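I opened my notebook to record a few look-ups, one short entry at a time. Here is the structure I worked from.

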Amino acid sequence: MDAPRTPAPAAPQAFPQALRASRSRRRLSQLELALRAGTTQRHISFIENGRSAPGRELVARIAESLALPLRERNGLLLAAGYAPVHPQRDLADPALAPALEALDHILTGHLPYPAIVVDRYGDLVAANSAFGVMTEGADPALLGPGANIARLALHPAGMAPRIRNFPQWARHVIEALREEQRRNPDDRLAALHDELAGYVPEPGPAAGRQQGADTLLGFTVPMELESADRGLLRLMTTVAVFATAADVTIAELKLEAFLPADRATADALREDA
C-alpha cells in the first residue's frame, strides 16, 4: 500500500479540491475510497489537505476507484500536474471509424424499432430510419444538425403534445439529467436541465399516483406516444455504451434503443418492415 510521504512538496490546490469534490459527489468516505484505491485513509486525508502529492499511478487508481468518466479522469490528472492519458478525437477521425461502423450495424439491426446515438449532452449523432415515427409533426427547427433529443422530446413544439403520459415520462427524463449533473457537473448540462425543467408541469399528488398505476410496466416507465398512422405506441428505452472505451469521444456516446412495451406496438412498428 502507498504510505503518506512526510515531508512532501505541497500538492497543487487544484487537485485536493477536485478530489474532494469528486469523492463527495459519489458519497464516498475517505476510508471507502482508500480501500478501493489500495491505499490508506491517512494518505487520502493528506492528499486532500495538500500535505502529500500523489504519484501519477495513484491518481489513475483514484480516478478508476471513483468510476470517473474519461473526461474527468483527464481533468484529475491535469489538476495533479500530469498529462492526460485518454485521447479525445473528432468523430470524423479515421481512428474512430470501427466504433462508428459498429454503431451503424446496431442501428440497422434494431429495425423496425427506433434507435439513435447521442453524445454526452443528448445531441443526435446518428439514427436509424424507424426514428421518423417519433419525430413526426415536430418543428423542423428542433430536428436540424445537432438536434438535442431531450429538447425534442420535452419541447411544446416537439414530441411533447404526442406523449400521452407526458408529466410522468418527462419527470423521469428531468430526474436523469439532474442525476447526471450531480455526478458530473457541467455548465452546458445545467443550462439544458434548467431549460427543459420549465417545460414539465409539477404533478399533483393524486394525479401522479393514478397516472403511475396506469402507465408503469412494473419495471420501467414507458413512453406512450400517439402516432398518425400507427395509433398509440408504448415504448421502453434501453441505453448501451462502449464499456471499455479509451477515447473520451467514444466513451461519451450512448446508443438509445426503443423497444415495444406491448404486442400492439410491436405489430404496428412491423407494418412497413
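**Entry: Tyr 113.** I began with where Tyr 113 sits, and found it in the loop between α6 (97–109) and β1. I was working with a predicted model. Next I asked: is Tyr 113 buried or exposed? I read a relative accessible area of 11% for Tyr 113, so this residue counts as buried, the cut-off being under 20%.

I then looked up what Tyr 113 touches. Leaving out residues up to four places away in sequence, I listed Asn 128, Ala 130, Phe 258, Leu 259, Pro 260, Ala 266, Leu 269 and Arg 270. I followed up on one of them, Leu 269. Tyr 113 and Leu 269 are 156 residues apart in sequence, yet their C-alpha atoms are 6.5 Å apart in space.

**Entry: salt bridges.** How many salt bridges does the structure hold? I noted 18. I looked up three pairs in detail.

**Arg 120 and Glu 252.** I found these two joined by a salt bridge, with the closest N and O atoms 3.4 Å apart. Arg 120 is in the loop between β1 (115–118) and β2 (124–127), while Glu 252 is in the loop between α12 (248–251) and β5 (254–260), so the pair ties together parts that are 132 residues apart in sequence. I checked both for burial. Arg 120 has 25% relative accessibility and counts as partly exposed. Glu 252 is buried, at 16%.

**Glu 195 and Arg 151.** I read 2.8 Å, N to O, for the salt bridge between these side chains. Which helices hold them? Glu 195 belongs to α10 (residues 187–197) and Arg 151 to α8 (residues 149–154), so the salt bridge ties together parts 44 residues apart in sequence. I put both down as partly exposed: Glu 195 is at 26% relative accessibility, and Arg 151 is at 27%.

**Arg 234 and Asp 262.** I noted a salt bridge of 3.8 Å, N to O, between these side chains. Arg 234 lies in strand β4 (residues 231–240) and Asp 262 in the loop between β5 and α13 (263–269), so this pair links parts 28 residues apart in sequence. Arg 234 is buried, with 14% relative accessibility. Asp 262 is partly exposed, with a relative accessible area of 27%.

**Last entry: a network.** I asked which residues are joined by salt bridges that share partners. I wrote down one network of Arg 71, Arg 120, Asp 186 and Glu 252. I had already met Arg 120 and Glu 252 as a salt-bridge pair.

Methods. Residues are numbered from 1 along each chain as its sequence is written. This is a predicted model: local features need pLDDT of at least 70, side-chain atom pairs count only at pLDDT 80 or more; totals for chains, interfaces and linings use all residues. Side-chain values use heavy atoms; hydrogens and water are left out. A salt bridge is a side-chain nitrogen of Lys or Arg within 4 Å of a carboxyl oxygen of Asp or Glu. Helices (H or I, at least four residues) and strands (E, at least two) are DSSP runs, numbered from the N terminus. Buried means under 20% relative accessible area, exposed over 50%, partly exposed in between (1.4 Å probe, protein chains only). Contact means heavy atoms within 4.5 Å.
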